Amino acid sequence: MIVGAIQTIGQIGVPVKDFERAIRFYQGVLQLPLLFSTGTLAFFDCNGIRLLLSLPEKEEFAHASSILYFQVANIQEAYAEFTDKNVSFIDEPHLIAKMGETETWMAFFKDTEDNTHALMSEVQIG
């Protein structure tokens with residue numbers, strides 16, 4: 001193994017505009033466990049990957065984040081549940097790709113801070 005080789009993603013940072021509102025969304029609506037919060041940083045667990053919400057330290061970091069793709073077992077049920085919680089979806093669940101006996105479905109949504117994310121589900125067919 002190469003000493004400096006990347007092994008895994010240790011943390012994903014998501015810039016926020018309203019810190020408390022963002023915490024309520026990620027903890028209350030998306031139901032991600034809050035690990036801890038300090039000052040303007042909040043750390044959540046997403047099945048072993050740490051998600052960091054933070055107020056940008058400088059204006060150059062105050063932009064939308066990369067798209068996070070949250071894996072769900074049943075995208076139709078998750079879509080209905082999050083719609084009931086007033087999550088702002090950009091589209092409905094739809095087929096993205098079919099690879100052999102597996103279909104990949106996605107539905108894109110906005111968080112309270114105007115970042116775009118997605119629910120995704122891989123469905124076995126046949």
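Visitor: What share of the contacts in the protein with a separation of 6 or more comes from residues 24 or more positions apart?

Guide: Such residues account for 49% of those contacts, where a contact means heavy atoms within 4.5 Å. The model is a predicted one, in which local features need pLDDT of at least 70 and side-chain atom pairs count only at pLDDT 80 or more, while totals for chains, interfaces and linings use all residues. Residues are numbered from 1 along each chain as its sequence is written, and side-chain values use heavy atoms, with hydrogens and water left out.

Visitor: What makes up the secondary structure, and in which order do the elements follow along the sequence?

Guide: The protein has two helices and nine strands, each being a DSSP run numbered from the N terminus (H or I of at least four residues for a helix, E of at least two for a strand). Read along the sequence, these elements follow the pattern β-α-β-β-β-β-α-β-β-β-β.

Visitor: Why is the contact between the side chains of E113 and R21 called a salt bridge?

Guide: The term asks for a side-chain nitrogen of Lys or Arg within 4 Å of a carboxyl oxygen of Asp or Glu; for E113 and R21 the N to O distance is 2.8 Å, so the pair qualifies. This pair links distant parts of the chain, 92 residues apart, with E113 in the loop between β8 (102–110) and β9 (116–124) and R21 in helix α1 (residues 19–29).

Visitor: How do you know whether E113 and R21 are buried or exposed?

Guide: Buried means under 20% relative accessible area and exposed over 50%, with partly exposed in between (1.4 Å probe, protein chains only). E113 has 3% relative accessibility and therefore counts as buried, whereas R21, at 29%, counts as partly exposed. Across the protein, buried residues make up 36% of the 126 residues.

Visitor: How many salt bridges does the structure hold, and what qualifies K85 with E81 and D114 with K110?

Guide: The structure holds three salt bridges. The side chains of K85 and E81 meet at 3.7 Å, N to O, and those of D114 and K110 meet at 3.6 Å, N to O, so each distance satisfies the rule. K85 has a relative accessible area of 27% and is therefore partly exposed, as is E81 at 39%. D114, at 44% relative accessibility, also counts as partly exposed, and K110, at 24%, counts as partly exposed too.

Visitor: Why is the aromatic pair of Y26 and F44 called tilted?

Guide: Rings of Phe, Tyr and Trp (its six-membered ring) pair if their centres lie within 6.5 Å, and planes under 30 degrees apart count as stacked, over 60 as edge-to-face and the rest as tilted. By this rule the count comes to seven aromatic pairs. The rings of Y26 and F44 have centres 6.2 Å apart and planes at 40°, so the pair is tilted. Because Y26 lies in helix α1 and F44 in strand β3 (residues 41–46), the pair ties together parts that are 18 residues apart in sequence. Both Y26 and F44 are buried.

Visitor: What makes F36 and F43 a stacked pair?

Guide: F36 and F43 lie 4.5 Å apart, centre to centre, with 25° between the planes, so the pair is stacked. F36 is partly exposed, with a relative accessible area of 42%, whereas F43 is buried at 9%.

Visitor: Which residues do ring pairs link into a cluster?

Guide: Ring pairs join F70, Y79, F89 and F109 into a cluster.
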